[in-house]
Structures are given as structure tokens and as C-alpha cells.
Amino acid sequence: MTNWLLSIDSSAGTTVAVLEGGVQRAEINIPDNMSHAESIAAAIANALATAGIKANQVSSVAVGRGPAPFTGLRVGIASAMMFAEGAGAKLFGVVSLDAIAKSALEDSALLQSLSETTPLLITADARRSEVYWALYSGLTKAGAPIRIDGPGVIKPAALEVLMQERGLSPIITSLPVSATKLGQVFEAQLIDGTADADVTALYLRSPDAVPTPAKKVTG
Amino acid sequence: MTESWSIRTALESDLPEIMALEHESFATDAWSIENMRLELLAHHTVYLVAHENEQLIGYAGLSKVPASTQSDIQTIAVSPNARGRGLGRALMVQLIGDARRLGATEMFLEVRADNPVAQGLYSSLGFEHIDTRKSYYQPEGIDAWIMRLEFARGGVGREPIVLGIESSCDETGVGIVRGTTLLANVISSSMEEHARFGGVVPEIAARAHLEALQPTLREALAKANLSLQDIDAIAVANGPGLGGALMVGVGAAKALAVSLDKPIYAVNHLVGHVGVDILERGKIELPTIALLVSGGHTSLLLVRDLLDDVELLGETIDDAAGEAFDKVARVLGLKYPGGPEIDRAAAGGDPKAIRFPRGLSLPKDMEKNRYNFSFSGLKTAVARWVEVFENKGEEFNKADVAASFREAVVDVLVTKAVNACNDFGVPRLLLGGGVVANSRLRELATERCAANGIELRIPALNLCTDNGAMIAALGAQLVMAGRKPSGLEFGADSTLPVTTVQTP
């Protein structure tokens with residue numbers, strides 16, 4: 001039976017892909033990072049139409065868990081969750097930075113230049129002058145990126161210090177997330193036995209609210 | 001043409017007449033009286049008889065085993081002199097309704113291959129010919145058509161099953177309705193998570209929606225005894241409300257619609273509060289004034305038509321009434337949410353002890369802001385009053401403060417709502433929103449409406465607070481009115497005006 005996968009990531013812009021047995025059949029990218037609620041469902045519908053399949057043929061859904069700023073990430077996860085519910089598909093979560101690592105590690109020269117002191121450092125914009133980051137040492141046999149640290153959120157300067165302290169001189173890459181790569185990470189994790197049904201959002205930050213006492217109104 | 005017959009459930013005493021018609025209708029293969037008696041009395045069957053001039057002129061029976069989602073038409077017969085007047089259809093429509101009520105999702109029947117009149121009736125009800133049984137009717141050896149009606153798909157008189165999703169504030173609501181009938185209304189609230197902040201924190205609410213979505217949906221489907229495949233349309237509140245919170249529901253609802261290949265309707269949250277009355281009465285009496293009061297809204301609407309003519313008469317220019325309750329509760333050292341706490345604290349207090357200000361109620365305000373509200377000044381007045389005592393180190397009567405504050409809020413709300421009824425000559429007032437839980441609001445509204453000859457509608461509390469059922473109910477109204485579904489591109493609109501009942 002053909003294995004159709006719907007892959008969704010909303011950690012930055014919107015990216016949606018349909019894969020058949022790990023092979024891309026459609027991918028739709030909408031770089032705008034402020035319009036997830038408007039665009040994801042139509043992107044899913046278009047990707048399915050391009051791949052020439054109906055929703056109920058999808059057997060698995062993989063969704064990027066971030067890390068990402070709050071609002072857009074939630075829309076992607078909510079969409080994946082409900083699509084899986086309606087299509088009767090299995091739902092899996094993938095760390096979005098792993099998908100970027102997958103893209104970067106397709107460069108075989110880059111892959112071969114990695115060493116214990118030269119890992120791959122993936123960063124992504126976390127807003128508020130911070131970045132999300134994770135370190136990778138290479139790929140598993142099945143092709144899943146091997147994450148050795150992270151994901152975390154940090155100021156760029158502090159990240160530099162951290163790398164120095166550890167004696168690391170990483171290869172730094174920041175590429176856009178591709179839903180196809182995210183789907184392929186999932187497929188590889190499935191073979192490795194590390195595929196994860198956890199789709200909890202990786203916000204990495206607490207809500208900003210702090211409890212405050214009631215204000216005085218008289219001077 | 002009005003029917004001159006009456007249809008009721010068959011009784012054992014109908015058996016002789018039924019058997020007479022059975023033999024007349026099915027000369028060669030009639031059931032025995034024993035079999036017919038067992039059928040009539042069985043727990044898993046529904047048998048109907050039609051009488052005209054005290055004569056039995058038709059009967060029909062349905063089988064629906066409790067554990068199954070399938071139902072079967074066991075038999076149907078109409079007396080020869082009563083044929084061609086729609087009695088067969090009437091019996092079928094009623095049995096279809098009974099089968100749905102019993103939880104069936106499809107209905108099967110057999111019909112003689114040489115009976116095009118009956119086949120035509122069943123086709124017109126939505127049945128499809130799915131199989132043929134060779135030589136089923138003996139001794140003539142006539143084939144039987146197996147016909148099936150899938151309830152989720154169509155048929156005459158079919159009411160749409162609509163699933164509604166609500167996520168505009170701190171309640172994740174999933175409701176399911178069939179036409180104007182409530183099937184499920186499940187609400188998951190993140191209220192407790194907001195308690196230590198003294199008010200709804202948008203980010204916490206949005207995070208909670210994402211976590212509550214799937215379990216709330218599953219519980220609603222279980223309560224309605226339906227699967228997602230039975231749903232005909234999805235409705236979602238896309239505003240007004242908290243943007244980040246709304247987006248979770250909007251994203252979820254759209255993905256559900258795409259995965260099920262069903263239409264989606266983006267509906268106005270506030271109009272949903274008005275439309276919910278349909279679930280209790282089967283219809284809504286219009287025109288009506290609606291007073292919607294919650295932690296996020298204080299709005300006075302004039303509704304002439306639920307789908308086409310909703311006018312915002314006024315709203316709060318600062319705090320919502322529910323917000324004022326929360327803030328004053330903090331001033332009085334009471335917990336969140338403030339409404340019920342103040343209700344409790346006010347018990348035994350004198351509502352006339354302190355004359356707190358009524359916002360926008362001075363003569364000049366009653367011209368310019370006749371239907372608008374303001375609670376910010378009231379909140380400050382209470383805080384100031386309390387602080388004066390605290391600064392002096394004196395005790396004050398908390399019950400009197402709570403009762404007087406509550407009276408000020410409720411007095412303004414009801415006064416302005418009743419004014420609107422009188423000004424527009426609309427003798428109806430509908431309340432909605434979480435603050436309706438406040439006992440004094442209900443009491444005063446009841447009193448003043450009675451005094452002014454206004455019919456007051458207060459839906460059940462779980463339909464007054466934010467819920468998915470009201471969204472589903474409004475969605476169902478749009479479906480039944482033949483409205484075009486919304487596209488997939490609509491977004492969440494935190495300030496969606498009430499005039500936009502459906503976002504295209």
C-alpha cells in the first residue's frame with residue numbers, strides 16, 4: 001500500500017508538502033510569517049490536489065513542533081491535529097530545526113567536514129533579538145539528523161560564548177524550513193524507530209504575564 | 001392539501017387490522033400474526049400505524065438494533081384506497097426521523113424490482129439502489145432491490161449536522177447540532193490557569209486551546225453518538241475575540257473541513273450568542289434586543305434578522321462588565337473570576353448602602369451614549385472608596401460594597417437594554433454571555449422586563465457562556481438558508497463587526 005504523508009510546518013512561514021513513500025509529490029511554500037491562519041488550509045488543499053490524492057488517502061501527518069514564536073506555530077499544529085483527526089491518519093511531531101539540518105546535510109561536503117569539534121549549528125530567528133538553536137553531529141543510516149544539543153533559545157552573543165566555552169567551532173547554517181525535508185526526517189525517524197507522536201508545541205518561552213497586585217487609585 | 005390521517009405508534013390492539021391489510025397487500029408472502037406480534041412488541045423496532053375515519057389505512061416498521069448504526073425498513077403497506085396521497089412518504093419520513101433519533105447513520109430496505117412506484121418514492125427520499133437479490137420474492141421469483149439511505153448525505157427534510165468550534169477567549173468549545181436540535185455541547189475552560197493573574201492572559205488561553213482541542217472534539221462526538229464522517233458542515237467563530245486564541249480554532253476548523261471534504265462557515269461569535277436561543281425554542285423570535293455581557297464584551301444589539309440584519313446599538317467604551325467584576329473582586333480581596341465571588345460576597349449586603357456611579361447615565365450621556373457602557377470609572381470609584389477606609393485603618397462592610405457595586409453594574413445594563421426595547425418598540429430582550437450567571441442581573445432583568453411588558457429570554461447557562469453549540473447553531477442556520485460556504489482564506493478578526501454574520 002502506498003504510504004502518503006502530509007507534512008506541515010509553520011515555525012516561520014507556511015510550508016506544506018505531500019510525500020509518497022518519502023518522495024515529494026507536492027510542496028507549497030508561503031514565506032509570509034503573519035498569515036498562517038489564513039493560508040495553511042488552502043495550502044493543504046492545494047498540495048493534495050497537486051499530488052492528485054484525496055484527504056482520506058493520507059496515512060500519516062508530520063508537523064513541525066518549532067521552536068517558534070507562539071501564534072503561527074499553534075495554527076500549524078492545530079491544523080495538523082485536526083487534519084489527522086478527520087482523515088483518520090496517524091500524527092507525528094518533528095523538531096523544525098531538524099528539517100533545516102536535513103536540508104543542510106544534503107550537502108555531502110558539509111556532511112563530511114563535520115567532526116566532534118565542528119558540529120552543525122542550526123539557528124532560526126526567535127524575535128526579541130534572540131535565536132533558536134540546535135547542534136547536529138551528522139545523519140543516521142536512515143538519514144535522520146542526529147541532534148546532540150538543543151533546541152534552545154538564546155541571544156546570539158551568548159550562543160557564541162557558549163560555543164567557545166565548549167571548544168566548538170561549528171558550521172553555522174540558517175536555511176528556511178521545507179515541509180518536504182521535515183517529512184523526510186519523519187520517514188527516516190520511522191525507520192530508526194525514533195518517530196515521535198508528541199506534537200506539543202516547543203515555545204521555549206513562558207507566557208509573558210506576571211501576577212501583579214491590584215493597583216492603588218488614590219495617591 | 002392537509003392530510004386527513006393521523007399517525008401514531010402501533011399497539012398490540014392494532015394487530016387484527018394490521019393483519020387484514022397485510023394479507024390484502026402481500027397476498028402470497030404475508031407474515032403470520034405471531035411474527036407480526038413479535039415485531040410490534042420487540043424493543044429494537046418502531047412500528048407506526050395511520051388511521052383515517054377510524055380505519056387503519058397504513059402501517060410501517062423499522063428495526064434498529066441498539067449497538068448498530070444501521071437501520072432497516074421491515075415493512076410498509078398503504079391501503080389501496082389511500083394510495084397516491086403521500087401517506088407512504090409520510091410514514092417513511094417519520095421512520096427516518098425515528099432511526100436518526102435512535103442513532104442510526106444509514107437505512108436499508110428491500111423493494112420489488114417490478115415496483116417502480118415504490119422505487120420512485122424511496123429514490124426521492126434519498127435512497128440509492130446498491131444491490132440486487134435475485135429471485136428474492138417467492139413464489140414468483142421477482143428480484144429485490146436493496147436500497148440504502150446514508151443519513152449524512154442527503155434526503156428529503158434532512159437537517160444538516162453541523163459541528164461548531166469556539167475559541168475566542170478562554171473557553172474551547174465544540175458543539176454539534178442537527179438543524180435546530182442540540183446534540184452535544186462540550187466546553188473546556190482554561191479559567192483556573194488565569195486565576196493567579198486576575199484576568200484572562202491571551203497567550204495562556206491560546207496555549208490551552210491547542211491542548212484542549214482534540215479531547216474536546218472527541219468528547220463532543222461521543223456525546224452526540226456520531227463520527228466525524230457524519231458531519232455535514234463545520235462552523236467556526238472567527239471573531240470578535242482574542243486574535244491568538246481565535247486563530248487556533250480557525251486553523252483547526254479549516255483543516256477539519258479540508259480533511260473531511262466538507263463546507264466551512266466562518267461565523268460571528270457575538271451573533272452566535274444571539275442564535276443560541278434557537279436550540280432551546282427551535283426558532284428565534286425576531287426582532288429582538290440582545291444584551292451580551294461577558295468578560296470580553298458588553299454589547300447591545302438590535303437583531304431584525306439573524307443572518308442579514310444585526311445592528312450594534314452600543315457597547316462598552318472601556319472595560320467589559322465581566323472585567324469590572326474581576327477587577328473589583330481583586331480590590332475586595334476576592335478570587336477570580338469575580339462575578340460569582342461578588343455574587344456570594346453581596347449576599348446579605350445592602351445594594352443601596354453606597355451610591356456608586358452609573359457610567360454614561362447622565363442626561364447628556366443618555367443623548368450621546370444612550371446605548372454605550374462604561375465601567376472603568378465605577379471600578380475606580382469602588383477602589384477609592386475601599387482605600388479611604390484602608391488608609392484610615394477602618395473596617396468596612398464588604399457585603400455592602402459588593403452589593404452596591406453589583407447593583408450599579410446591573411442597573412446600567414438593564415436600564416439601557418430596556419430603553420432600547422422601548423425606543424425601538426421591540427418587546428423582546430435576550431441575554432447572553434457569562435455575566436448572565438449573575439443572579440442579580442437575572443433578577444433585575446426579570447423585574448424590569450415584566451414591568452415594561454417585555455418578553456425576556458435567558459438561555460441555559462451552558463449556552464450563555466462561550467460555547468461551540470451556538471457556533472454550530474448559527475452555522476446550521478446558514479446551511480439551511482442555502483448560504484454559500486466561506487472560502488478557505490478567511491482569517492481571525494479580533495474586532496469583527498456584528499454586521500458581518502458570516503465571513504465569506
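**Figure 1. Helix α10 of chain B and what surrounds it.** Just after α10(B) comes Gly333(B), with a positive phi near 70 degrees. Everything shown here belongs to a predicted model, in which local features need pLDDT of at least 70, side-chain atom pairs count only at pLDDT 80 or more, and totals for chains, interfaces and linings use all residues. Residues are numbered from 1 along each chain as its sequence is written, while chains are lettered from A and ligands numbered from 1 in the order in which they are written. Helices (H or I, at least four residues) and strands (E, at least two) are DSSP runs, numbered from the N terminus. Helix α10 (residues 321-331) of chain B is mostly covered, with 11 of its 11 residues buried (20 or more other C-beta atoms within 10 Å of the residue's own, C-beta atoms being placed from the backbone). Among them are Phe325(B), Asp326(B) and Arg330(B). The cover includes β13 (288-293), β14 (298-305), α11, α13 (376-391) and α14 of chain B.

**Figure 2. Two helices of that cover, α11(B) and α14(B), packed together.** The axes of helix α11 (residues 338-346) and helix α14 (residues 398-424) of chain B lie 7 Å apart, at an angle of about 125 degrees. That angle makes α11(B) oblique to α14(B) (neither under 35, nor over 145, nor 65 to 115 degrees). Look for Ile342(B), Ala345(B) and Ala346(B) of α11(B), which meet residues of α14(B) including Phe405(B) and Arg406(B); contact needs C-beta atoms, placed from the backbone, within 7 Å. By class, this contact of α11(B) with α14(B) has 7 nonpolar, no polar and 2 charged residues (Ala, Val, Leu, Ile, Met, Phe, Trp, Tyr, Cys and Pro are nonpolar; Asp, Glu, Lys and Arg charged; the others, Gly among them, polar).

**Figure 3. An open sheet of 7 strands in chain B.** Follow the order β1-β2-β3-β4-β5-β7-β6 (chain B), where the pairing is mixed; strands pair if DSSP finds at least two bridges between them. At the edges, β1 (6-9) and β6 (128-137) of chain B each pair on one side only. Inside the sheet's order, β5 (residues 106-112) and β7 (residues 142-150) of chain B are antiparallel partners over 7 bridges. One place to find this pairing is Leu109(B), whose bridge partner in β7(B) is Met147(B).

**Figure 4. Where chain A meets chain B.** Here 31 residues of chain A are in contact with 34 residues of chain B. On the chain A side, α1 (36-51) and α2 (70-87) are the elements that give two or more residues. The most come from α2(A), with 13 residues. By class, this side of chain A divides into 21 nonpolar, 5 polar and 5 charged residues.

Definitions and conventions
Axes fitted to C-alpha atoms, helices over the stretch in contact; angles between N-to-C directions. Buried ≥ 20, exposed ≤ 12 C-beta atoms within 10 Å, placed from the backbone.
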